[in-house]
Amino acid sequence: MVGRISSLDRKLLRDLWKMKGQVLAIALVITCGVAAFIMMISTMDSLNVTREKFYREYRFAEAFASLKRAPEGLKEQIREIPGVNIVETRVVADVKLDIRGFEEPVTARLVSLPEESMPLLNGLFIRKGRLPEPWSEREVVVSESFADAHGFSPGDSFGAVINGRWKNLVITGTVLSPEFVLQTRPGAISPDYKRYGILWMRRTALGTAYNMDGAFNDVVISVARGTHISDTLQRLDEIIDRYGGLGSYARKDQISHRFQSEEFNQLKRYAEIFPALFIGVSAFLLNVVISRIILTQRDQIAILKAFGYTNLSVGMHYFKMVVFIVLIGIAGGLGVGIWMGQKMAGIYMDFYRFPYLIYVLKPSVAITAALITLASATAGTLMSVRKAVVLPPAEAMRPEQPVLYRKTLLDRIGVGRFLSHPMRIVIRNIERRPLKAFFTITGTSLSCAIMLGGTFSWDAVDFMMDVQFTQSQKEDMTVTFTEPTSRKAVYDLKSLHGVVHAEIFRSVPVRFRFGNRSYRTSIQGVEPGNRLSFLLDDRLKPFTPPPEGIVLNDYLGKILGVRPGDMLTVEILEGSRPVRQVPVVSTAKQYIGLTGYMDLTALNRMMREDDTVSGALITIDSRYQQDIYRRLVTMPRVATTVVRRDEIRNFYATQAEAILFFTLITSILAGSIAFGVVYNSARIALSERGRELASLRVLGYTRAEISYIFLGELGVLTLAAIPVGFILGNALCTYIADMVSSDLFRIPVVIESSTYSLAATVVLVSACLSGLIVRHRLDHLDLIAVLKTKE
């Protein structure tokens, strides 16, 4: 078979074998780029396919609406809305739970089930057990995540305060629902499976408990294909308005779906950024290596052409070399990418509750990754290969012109005499080959920048949490009442033994409109002189909302395109649903959520209400914490209780695994790039300067001294690359933060010194490893072979 291989191909195989270390280093970088691309795209595709299948099989609704109370007969009127396919009315209520052995406040959303069947929309995937028996008053099924968090199994029971009455509920099964793939309490920033659960109970039992016999307070709808959902929502609002409608919304605004979509969008943006960087660096690296190889093989090119090989044959020879290296990288990237994609999708499965995971790697994704890599590598090496093609044989036979030696800046300013002789050689060599030094610094600094871009999220999240939960919020607990009530209700809270301080707040669901833009959120009414809740300006200094007008979150202001001084239309989504015009007076810095803020008195005045509040922020004496928890469970007016410390702890617990995995992957990839760049620079330099270094050995320099000269140059270039990498990394972090910002949270560009240190350490360790490998070859340099005159 060897006999059928052409001479050029045999030369290609010999060249590749001789430079196997460099080939593997470049292939490693390409592997990283392709793996990152495959991992992120396949994870995103897998989650999307899994979600779509789950939505389709379990009939996830396309429109949702809550209201105060409406007769069941209204269902027919809703069904007559053009385009509406299925209408399902429900009773939905928030309840407090009393779980033995778990003293902290637990709340749950209780959703009604049709009496003798599965729901027509938002069906349930039964993981364990069965649905409640028809007409059963005590049986419920619970969400799987909530059951897992508390170790519940079918047959277990717990207490619940339903409409002010204590009831013992028995679990008959655990389920998953497309409506609660991400089980997050409204207003929370992450799931808390221990303190918030979803329960399903038969309609009659739940309706009776809330005086909803023959009535409903929640409706879900599916529409026919091609229906304009905005028209459907408008018509639905018109129908339910007089029944206390709280404003309908489409699937895209449903909290679970919205959180998933934001996460998928972030994944997509990461998939656009990091693989492009890796593939770009690998193309750059290939360009450097092929250029140097062609430079060192000038004599061989001349001989090939002299023996009659055409320009095309010579060009194809080097092009095959590029393709061979790229194919190794693509093959490795596909394997590693699939493995990492499955791992990453598995991590997301702990976060999102799907009944199964369909891992998908579309052939088009693999082909795209291969084509992008091949195209970028070809583009990166095209000019170098062209040089080999157009090199005239006569010129190629002449050795390359020696570098023009003259006094360097070091010599001219007289600093050289203070340095040792080997160090002067190092500095002079860098100064006389600026282009080579530039490429080495650029490649190494890119790996440092990638490392910063992949790991700064920890610092950003820490800062974000500090602003939100330390500087802006200082309460221990937030207590929300079942419905807006008089300020006097807060006195009951203050009277609890152990409550140190309490401050009231008012929350009103609204839809803001400005021009053709709108956003559904809430207005928070705060009292002047609050000690527990603060608005922060751009410099994170606290300020008080003025007695008139509204303060908007800065990101919400951008979404609406509104500035201080503009008049904002506020559609209130509760009560008589009035529409008001309110001037925007300023914006507040906030990294989580999008909310408007008003002075409490001004908000109540706008609502035409007296002294109405929605809840209270309280601080407590930790010695009485358990007693307060118990009392809040039994207070009928209290709907939910949120402990700030739990919010922080839960956020880190749920986010940590995904962030750690991503940081680990980024570190490995960035380290591989650093290793690839430095190792290739060292190997190429060794092949170029082997004769020079061997001459120094013959002149009496020790192995340690020529190692110092050779590796010292790489060390200087690596150290110079680190600050450049910090600058590039900062720009990359800013770009990433801007790309992944969403209305759920915005990532600030905050990079701690420890993150800079980590990035620098990864680069230095990679450089040291490369140096050790090259040092081994340097120590075993064959002086006779190197010093032989090729001519």
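Let's start at a helix corner: N429, I430, E431 and R432 in α13 meet P434, K436 and A437 in α14, where meeting means contact, that is, heavy atoms within 4.5 Å. Helices here are DSSP runs of H or I with at least four residues, strands are runs of E with at least two, and both are numbered from the N terminus. Helix α13 covers residues 421–432 and helix α14 covers residues 434–472, and their axes come within 5 Å and cross at roughly 95°. That makes α13 roughly perpendicular to α14. On the wording: under 35 degrees counts as roughly parallel, over 145 as roughly antiparallel, 65 to 115 as roughly perpendicular, and the rest as oblique. The axes are lines fitted to C-alpha atoms, for helices over the stretch in contact, with angles running from 0 to 180 degrees between N-to-C directions.

Quick word on what we're looking at. This is a predicted model, where local features need pLDDT of at least 70 and side-chain atom pairs count only at pLDDT 80 or more, while totals for chains, interfaces and linings use all residues. Residues are numbered from 1 along each chain as its sequence is written, and side-chain values use heavy atoms, with hydrogens and water left out.

Okay, the whole protein. We have 22 helices and 22 strands, and the C-alpha trace spans about 100 × 60 × 50 Å along its principal axes. Of the 791 residues, 56% count as buried. Buried means under 20% relative accessible area, exposed means over 50%, and partly exposed is in between, using a 1.4 Å probe and protein chains only. And if you take contacts between residues at least 6 apart in sequence, 83% of them join residues at least 24 apart.

Now, helix α9, residues 311–351, where K343 sits. Is K343 buried, exposed or partly exposed? K343 has 44% relative accessibility, so it counts as partly exposed. From K343 to G329 is 14 residues in sequence and 21 Å in space, C-alpha to C-alpha. A345 is in α9 too, but A345 is buried, at 0% relative accessibility. Setting aside residues up to four places away in sequence, A345 touches T43 and L357. Compare that with V29, which is 316 residues from A345 in sequence and 23 Å away in space, again C-alpha to C-alpha.

Further along the chain there's α21, residues 753–779. Its 27 residues reach 38 Å from first C-alpha to last, close to the 39 Å expected at 1.5 Å a residue. The expected span is 1.5 Å times one less than the number of residues. Among the buried residues of α21 are A759, A760, V762, V763, S766, A767 and S770. Worth remembering here: an α-helix has 3.6 residues a turn, so residues three or four places apart point the same way.

One more helix, α17, residues 600–606, holds N604. N604 is buried, with a relative accessible area of 2%. Beyond its neighbours within four places in sequence, N604 is in contact with R506, E609, D610, D611 and T612.

On to the loops. S177 is in the one between β8 (165–176) and β9 (196–202), and S177 is buried at 3% relative accessibility. What does the side chain of S177 have 3.0 Å from one of its polar atoms? That would be the backbone nitrogen of E179. Leaving out neighbours within four places in sequence, S177 is also in contact with F54, N122, G123, L124 and W200.

Two other loop residues have unusual backbones, and here's the background: most residues other than glycine have a negative phi. N211 isn't a glycine, yet has a positive phi of about 55°. N211 lies in the loop between α5 (203–209) and β10 (215–223), and is exposed at 56% relative accessibility. L540, not a glycine either, has a positive phi of about 65°. L540 is in the loop between β15 (535–536) and β16 (542–543), and is buried, with a relative accessible area of 18%.

Last stop, cysteines. How many disulfides does a search of the whole structure find? Zero, taking a disulfide as a pair of cysteine sulfur atoms within 2.5 Å. Why not C448? The cysteine sulfur closest to that of C448 is in C733, and at 10 Å it is too far for a bond. C448 is buried at 1% relative accessibility, and C733 is buried at 0%.

Notes:
A polar contact is a pair of N or O atoms within 3.5 Å; within protein, one must be able to donate a hydrogen and the other to accept it, and residues adjacent in sequence count only if both atoms are side-chain atoms.
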